[in-house]
Amino acid sequence: MMREAYHTHYVTHWVDETQQLLETRWHPATERMGELDFRYEMEEWLRITQKLSITRIYDHCVQFLYPISIEEQTYMAQLLNPGWIAAGVKRYAHIMPQELVSNLSADQMFQKFYDMNLPNQFVIRHFAEQEQEQAWKWLLG
């Protein structure tokens, strides 16, 4: 059963502790997010994941509108990747608008995670918004 674990005007995180699942939904307000807000939300995301022993993340980014700079991509990878691995994350489903899926290679946005070459790297899969059912099946499978 899902319950809300965290909410700001940028994001809402729900948790299903029996499934060790975190569902993250980003809001259109991310368009007005600043760098400090971005970093704060990434740190909270990691904190929640670690606190709740999450193994699966469903990241709904269809309304995520903040442009992540190259430096912020590196920051995000260096913060989240080792933290999520240590927390036991195994699968990460990334839901994006269809036009982004078709313009990205399978793991382009998260290549920095893979480039770190850390042991026990979790699997990242990208899905179009229309593929949410397949994303859930994969995530829970």
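These legends describe close-up views of a predicted model.

**View 1. An open sheet of six strands.** The strand order is β1-β2-β3-β4-β5-β6, and the pairing is mixed. β1 (3–7) and β6 stand at the edges. Each has a single partner strand, so one side of each is left without a neighbour in the sheet. Neighbouring strands are turned against each other by 20° on average, direction ignored.

**View 2. The pairing of β1 with β2.** These two strands run antiparallel. Four bridges join them. One residue pair to look for is His7 with its bridge partner in β2, Thr12.

**View 3. Helix α1 on the sheet.** α1 lies across β1, β2, β3, β4 and β5 (91–96). Relative to β3, the helix runs at about 160°. The loop between α1 and β4 (56–60) holds Ser53, shown again in View 7.

**View 4. The largest nonpolar core.** This core has 31 residues. Trp45 and Trp84 have the most contacts inside it. β2 (11–16), β3 (21–26), α1 (35–51) and α2 (70–87) each supply at least two of its residues. The largest share, six residues, comes from α2. A second, separate core has nine residues, among them Val62, Phe127, Trp138 and Leu139. In soluble globular proteins, nonpolar side chains tend to be buried together.

**View 5. The surroundings of Trp45.** Which residues does Trp45 touch, not counting residues up to four places away in sequence? Its contacts include the aromatic residues Trp26, Trp84 and Tyr92. Leu22, Ile57 and Leu80 also touch Trp45. The list is completed by His13, Thr24 and Asp59. Trp84, one of these partners, is a buried residue of α2. Leu80 is another buried residue of that helix.

**View 6. Helix α2 and its buried residues.** α2 has 18 residues. From its first C-alpha to its last it reaches 25 Å, close to the 26 Å expected at 1.5 Å a residue. Its buried residues are Glu72, Tyr75, Met76, Ala77, Leu80, Asn81, Gly83, Trp84 and Ile85. What do they pack against? The partners are α1, β4, β5 and α4. An α-helix has 3.6 residues a turn, so residues three or four places apart point the same way. Just after α2, Gly88 takes a positive phi of about 100°.

**View 7. Two loop residues with positive phi.** Most residues other than glycine have a negative phi. Ser53 is not a glycine, yet its phi is positive, about 55°. Asn117 is also a residue other than glycine, with a positive phi near 50°. Asn117 lies in the loop between α4 (111–115) and β6 (123–128). Are these residues buried or exposed? Ser53 has a relative accessible area of 38%, so it is partly exposed. Asn117 counts as exposed because its relative accessibility is 67%.

**View 8. A buried glutamate in β3.** Glu23 lies in strand β3. Its relative accessible area is 11%, so Glu23 is buried. What joins the side chains of Glu23 and Arg25? The link is a polar contact of 2.7 Å. Not counting residues up to four places away in sequence, Glu23 touches Met2, Thr12, His13, Trp14, Tyr58 and Trp136. Thr12, among these, is also the bridge partner of His7. His13 touches Trp45 as well, as shown in View 5.

Methods
Residues numbered from 1 in each chain as written. Predicted model: local features only at pLDDT ≥ 70, side-chain atom pairs only at ≥ 80, totals over all residues. Heavy atoms only, no water. Core = buried A, V, L, I, M, F, W, Y, C linked by side-chain atoms within 4.5 Å. Buried < 20%, exposed > 50% of the residue type's maximum accessible area, 1.4 Å probe, protein only. Contact = heavy atoms within 4.5 Å. Pairing = 2+ DSSP bridges. Axes fitted to C-alpha atoms, helices over the stretch in contact; angles between N-to-C directions. Expected span 1.5 Å × (residues − 1). Polar contact = N/O pair within 3.5 Å; in protein donor to acceptor, adjacent residues only side chain to side chain.
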